[in-house]
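Please look through the sequence and the 3D structure below before reading on. The paragraphs after it begin with a single element and then widen the view step by step.

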Amino acid sequence: MSTATTTESTELAPVSAESLAALLVTERRPPRPSALSASLTFGWRAVLKIKHVPEQLFDVTAFPIMNLLMFTYLFGGALAGSTREYVQFLLPGIMVMSVVMITMYTGVSVNSDIEKGVFDRFRTLPVWRPATMVGYLLGDALRYTIASLVMLSVGLILGYRPDGGAPGVIAGIALLLVFSFAFSWIWTMFGLMLRTEKSVMGVSMMVIFPLTFLSNVFVDPKTMPGWLQAFVNNSPVTHLSSGVRKLMAGDWPAAEIAWTLGWSGLFLLVFGPITMRLYNRR
């Protein structure tokens, strides 16, 4: 009887603080997640935000459709003689314009999370530092893909026929996604730099509107004044629009692809380090 009592008391005896500390030290810590794993996790967080707030998809569905219909039927007859002819030229360009314009919402999301204090928690996690920003951009890449597919579907209804077939369409969208991913780093910088969401949107609009409208999205720049042609022909949006348009038409515009990838690399090299410096000091 006494032996059983002694055994029970021994099992229920509290563990000392020294013993607990020694136990914790000897336990193996879970491995630190890789850069890819951490980035994909934050990207999944961005996707879940879309799931819980589906209104975020409004700008990648209704807005591109409205732009395509408006410009096709307003200018199609005057510029190309028929809406069917004009949509062949317009659709790749308007796809580029719409996706490039919605990249600014990356900066708005970053600024919103900063105001809520979410970033204070992220910085304490033992993960690759840029994973937070890369995750935002990976999540937004899904939105860009949805916008491209929505516009392509509406364009097919309006009479658009890509001569490049499925391979050309996929290549054109892939080029657009690569550029948009790199271009979005500009807005993450503004999201960290500026104080309010309205400020981020205001500054973003001041940059995006001249780049998108002063390009070959709507018309061939050959009809423009010489001084304006010089700007338009060297615009990153013009190179991107020409590349996407020709890829979807079945061509292989090596020069336009090289220019677009070059611009993308430049945006990453310049604004990526600036963004991470602001993030670490925020």
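In this predicted model, a good place to begin is helix H3, which runs over residues 35-52, holds 18 residues and spans 26 Å from its first C-alpha to its last, close to the 26 Å expected at 1.5 Å a residue. Which residues of H3 are buried? They are Ala38, Ser39, Phe42, Gly43, Ala46 and Ile50. Because these residues cover an arc of only 140 degrees around the axis, they are placed on the same side of H3. The face of H3 turned away from that buried side carries the exposed residues Trp44, Lys51 and His52, while the buried residues themselves pack against helix H7 (118-122) and helix H8 (131-158).

From this one helix we can step back to the whole protein chain, in which there are 13 helices and 0 strands, so that the pattern read along the sequence is α-α-α-α-α-α-α-α-α-α-α-α-α. Of the 282 residues in the protein chain, buried residues make up 43%. If we take the contacts between residues at least 6 apart in sequence, 79% of them join residues at least 24 apart. The accessible surface of the protein chain comes to about 14900 Å², and 68% of that surface belongs to carbon and sulfur atoms.

Part of that surface deserves a look of its own. Met70, Leu74, Phe75 and Leu79 form a nonpolar patch there, with about 370 Å² of accessible area together. One of these residues, Leu79, has its place in helix H4 (residues 58-80), and Leu79 counts as partly exposed because its relative accessibility is 47%, which lies between the 20% and 50% cut-offs.

A residue with a contrasting label is Ile102, which is found in helix H5 (residues 83-102). Is Ile102 buried or exposed? Ile102 is buried, because its relative accessible area is 1% and a residue counts as buried under 20%. Leaving aside residues up to four places away in sequence, Ile102 touches Asp59, Val60, Arg143, Tyr144 and Ala147. For one of these partners, Asp59, the C-alpha atom is separated from that of Ile102 by 7.0 Å, although the two residues are 43 residues apart along the chain.

The last topic is the pairing of charged side chains. How many salt bridges does the structure hold? The structure holds 2 salt bridges. In one of them, Arg45 pairs with Asp113, with the closest N and O atoms 3.1 Å apart. This pair links distant parts of the chain, since Arg45 belongs to helix H3 and Asp113 to helix H6 (residues 104-116), 68 residues apart. Arg45 is partly exposed, because its relative accessible area is 24%, whereas Asp113 counts as buried because its relative accessibility is 2%.

Another salt bridge is formed by Asp140 with Arg143, and here the closest N and O atoms are 3.4 Å apart. Both Asp140 and Arg143 lie in helix H8, 3 residues apart, which is about one turn of the helix. Asp140 counts as buried because its relative accessibility is 8%, and Arg143 counts as buried because its relative accessibility is 3%. Arg143 has already appeared above as one of the residues that Ile102 touches, and helix H8 as one of the helices against which the buried residues of H3 pack.

Definitions and conventions
Residues numbered from 1 in each chain as written. Predicted model: local features only at pLDDT ≥ 70, side-chain atom pairs only at ≥ 80, totals over all residues. Heavy atoms only, no water. Helix = DSSP H or I, 4+ residues; strand = E, 2+ residues; numbered from the N terminus. Expected span 1.5 Å × (residues − 1). Buried < 20%, exposed > 50% of the residue type's maximum accessible area, 1.4 Å probe, protein only. Arc of directions from axis to C-beta. Contact = heavy atoms within 4.5 Å. Areas by Shrake-Rupley, 256 points an atom, 1.4 Å probe, with all protein chains shown as cover. Patch = residues over 30% accessible without salt bridge, like charges linked within 9 Å, V, L, I, M, F, W, Y side chains within 5 Å. Salt bridge = Lys/Arg side-chain N within 4 Å of Asp/Glu carboxyl O.
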